[in-house]
Amino acid sequence: MDCQECQERPATLHFTKVVNGNKTEIHVCEQCAKEKGYVSYDEEAYSLHDLLSGLFNFNSSSINKNSEFVQSQVLTCDNCSMTYQDFTRVGKFGCAECYHAFSEHLNPIFRRVHSGNTTHDGKIPKRIGSDLSLKRTLSDYKEKLQNLIKNEEFEQAAKVRDQIKEIERELYKGGGDE
């Protein structure tokens with residue numbers, strides 16, 4: 001799509017304005033956006049790194065006790081000696097152990113970014129991942145069964161147990177047990 005102002009360069013910025021319920025859209029290149037006053041780049045632009053650093057620094061604005069903030073600044077990975085402060089500045093870990101060293105500060109961030117979860121299970125390709133999908137479902141059902149038994153919901157637990165048996169039959173009918 002070409003810029004609606006100069007018709008010379010590709011439109012890279014897209015603006016939507018709603019006034020009294022009337023919606024108008026304009027698509028312009030960066031140069032025309034500056035010239036027409038749609039945007040102002042006098043300030044230093046933010047990069048993706050700045051955005052991620054802001055996410056990882058959210059603890060500093062929400063911590064009430066000064067000592068906790070100072071502690072997070074001197075928190076260091078035993079394996080690579082990277083500090084939490086270095087991590088927030090650089091935006092990358094020094095090694096795989098940094099996940100464990102900084103986990104206390106990362107888990108709240110992961111919960112915010114991943115809608116309450118702190119783990120990433122990944123995606124399973126449909127063509128070749130049927131066994132993996134069944135195994136994941138089986139694992140989920142086994143966990144659900146334990147919770148139902150713990151809460152003494154035995155009728156529901158019996159139904160889940162039957163579902164587990166059915167999945168195990170389907171999963172292991174080929175002779176493999178992985």
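In the next few minutes I will go through this predicted model, beginning with the chain as a whole, then turning to the hairpin and finally to the helical region that carries the UniProt annotations.

Let me start with the overall layout. The protein chain contains nine helices and two strands, and if you read along the sequence the order is β-β-α-α-α-α-α-α-α-α-α, with both strands ahead of the helices. Of its 178 residues, 21% count as buried. The accessible surface comes to about 13,700 Å², and 47% of that belongs to carbon and sulfur atoms. As for how the chain contacts itself, if we take the contacts with a separation of 6 or more, then 34% of them are between residues 24 or more positions apart.

Now to the strands. Strand β1 covers residues 13–19 and pairs with β2 in the antiparallel sense, over seven bridges, while β2 itself runs through residues 22–28. To give you the register, K17 stands opposite T24 in β2, and V18 stands opposite K23 in β2. The hairpin that these strands form has two residues between them, and in that hairpin N20 takes a positive phi near 50 degrees. As a reminder for looking at the side chains here, in a regular strand they alternate between the two faces of the sheet.

Within β2, I would like to stop at H27. Is H27 buried or exposed? With a relative accessibility of 13%, H27 falls under the 20% cut-off and therefore counts as buried. What is around it, then? Setting aside the neighbours within four places in sequence, H27 is in contact with M1, D2, C3 and Q4, and also with A11, L13 and H14. One of these residues, H14, deserves a separate mention, since the side chains of H27 and H14 are joined by a polar contact of 2.6 Å. H14 falls within the range of β1, residues 13–19, so that this contact links the side chains of residues in the two paired strands.

Let me move to the other region, where there are two annotations to compare with the coordinates. UniProt, in an unreviewed entry, lists residues 135–170 as "domain: UVR", and the unreviewed entry also gives a "coiled-coil region" covering residues 138–170. In the model, the span 135–170 is 92% helix and 0% strand, and its end C-alpha atoms lie 10 Å apart. For the span 138–170 the values are 91% helix and 0% strand, with the end C-alpha atoms 11 Å apart.

Two residues of helix α8 let us look inside this region. Helix α8 comprises residues 130–150, and N147 is found there, as is Y141. Y141 has a relative accessible area of 23%, which means that it is partly exposed. Which residues does Y141 contact, apart from its neighbours within four places in sequence? They are V160, Q163, I164 and I167. For the last of these, the C-alpha atoms of Y141 and I167 are separated by 9.6 Å, although the two residues are 26 apart along the chain.

N147, at 40% relative accessibility, also counts as partly exposed. N147 and A157 are ten residues apart in sequence, and their C-alpha atoms are 8.7 Å apart in space.

Conventions:
Residues numbered from 1 in each chain as written. Predicted model: local features only at pLDDT ≥ 70, side-chain atom pairs only at ≥ 80, totals over all residues. Heavy atoms only, no water. Helix = DSSP H or I, 4+ residues; strand = E, 2+ residues; numbered from the N terminus. Buried < 20%, exposed > 50% of the residue type's maximum accessible area, 1.4 Å probe, protein only. Polar contact = N/O pair within 3.5 Å; in protein donor to acceptor, adjacent residues only side chain to side chain. Contact = heavy atoms within 4.5 Å. Pairing = 2+ DSSP bridges. UniProt positions renumbered as here; feature names shortened; annotations may be inferred. Areas by Shrake-Rupley, 256 points an atom, 1.4 Å probe, with all protein chains shown as cover.
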